[in-house]
Amino acid sequence: MGEYYERRQYLGHGQSKVCYWLTEGLILKLRQQKDQEPDLFRELQATGVYPKVHASAQCQFRDQTWHAWIVEQAKPLDQILKEYQTASNVCIPGAVRAMLVAWSRNHILSDNALFNFGMVNDNVVIIDAGSRSGEPQQSRSRFNRKVMTRFWKKS
């Protein structure tokens, strides 16, 4: 988007994405393959359970093409809970609410561990869209058995 960020700091990576801190409130995510995340987050932004995507585009770095997007910074719930154990009464229900809202819009997280949720302005959001989207709507009982049972085991 024509912006140059002098300071950037490596935040970490998952299996396929690399994240950098750009400025207070903005994160750069990079992936070599196209990712559903920026489009999905934009499409479902009005639900309130996804961080805002400010920009996305392909970018060149040396001889490699990357898919990049700039997204609102969210502190991961697992980090919040390590620092403030009493925050579980907000973080856990917030993550459950986010999953239910996402499910109602046909988005099922492929990994619902707490590090895939974050906090933006006192609101729990999904910070990693995962690899599944557009699957047929699951019944509530199947969602509870398959998704929520897995979440409670991890929490």
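Me: Which strand holds valine 125?
Reply: First, some ground rules: this is a predicted model, in which local features need pLDDT of at least 70, side-chain atom pairs count only at pLDDT 80 or more, and totals for chains, interfaces and linings use all residues. Residues are numbered from 1 along each chain as its sequence is written, and side-chain values use heavy atoms, with hydrogens and water left out. Helices (DSSP runs of H or I, at least four residues) and strands (runs of E, at least two) are numbered from the N terminus. In that numbering, valine 125 belongs to strand 8.

Me: Buried or exposed: which word suits valine 125?
Reply: The relative accessible area of valine 125 is 2%. Buried means under 20%, exposed over 50% and partly exposed in between, using a 1.4 Å probe and protein chains only. Valine 125 is therefore buried.

Me: How far apart in space are valine 125 and alanine 74, C-alpha to C-alpha?
Reply: Valine 125 touches Ala74 (contact means heavy atoms within 4.5 Å), with Tyr50, Phe117 and Val120 also among its contacts. In sequence, valine 125 and alanine 74 are 51 residues apart. In space, their C-alpha distance is 7.7 Å.

Me: Which strands stand at the edges of the open sheet ordered 6-7-8?
Reply: The 3 strands of this sheet pair in the antiparallel sense; two strands pair if DSSP finds at least two bridges between them. Strand 6 joins strand 7 (residues 117-120) through 2 bridges, with lysine 75 opposite methionine 119. Two of the strands have a single partner each, so one side of each is left without a neighbour in the sheet. These are strand 6 (75-76) and strand 8 (123-126).

Me: Which residue of strand 3 stands opposite cysteine 19?
Reply: Let's follow the hairpins from strand 1. Strand 1 and strand 2 (residues 18-23) pair antiparallel over 4 bridges, with glycine 12 opposite cysteine 19. Strand 2 then meets strand 3 in a hairpin with 2 residues between them, where glycine 25 in the turn has a positive phi of about 100°. Across from cysteine 19 in strand 3 is lysine 29.

Me: How much space lies in the largest pocket?
Reply: A pocket is found on a 1 Å grid over the protein atoms alone, as an open set of points where a 1.4 Å probe fits, with protein on both sides within 12 Å along at least five of seven lines; lining residues have an atom within 4 Å of a point. Here the lining has 33 residues, and Cys19, Lys29, Phe115, Asn116 and Asp128 lie nearest the centre. Strand 1 (9-13), strand 3 (26-31) and helix 1 (37-43) are among the elements giving two or more residues to this lining. With volume taken as the space filled by probe spheres on the grid points, the largest pocket comes to about 1,000 Å³.

Me: What is the relative accessibility of glutamate 37?
Reply: Glutamate 37 sits in helix 1. Beyond its neighbours within four places in sequence, glutamate 37 contacts Lys17, Lys29, Trp69, Ile127, Asp128 and Ala129. Glutamate 37 counts as buried, because its relative accessibility is 0%.

Me: What share of the protein chain's residues counts as buried?
Reply: The chain has 4 helices and 8 strands, which run β-β-β-α-β-β-β-α-α-β-β-α from the N terminus. Among contacts between residues at least 6 apart in sequence, 57% join residues at least 24 apart. Of the 155 residues, the buried share is 43%.
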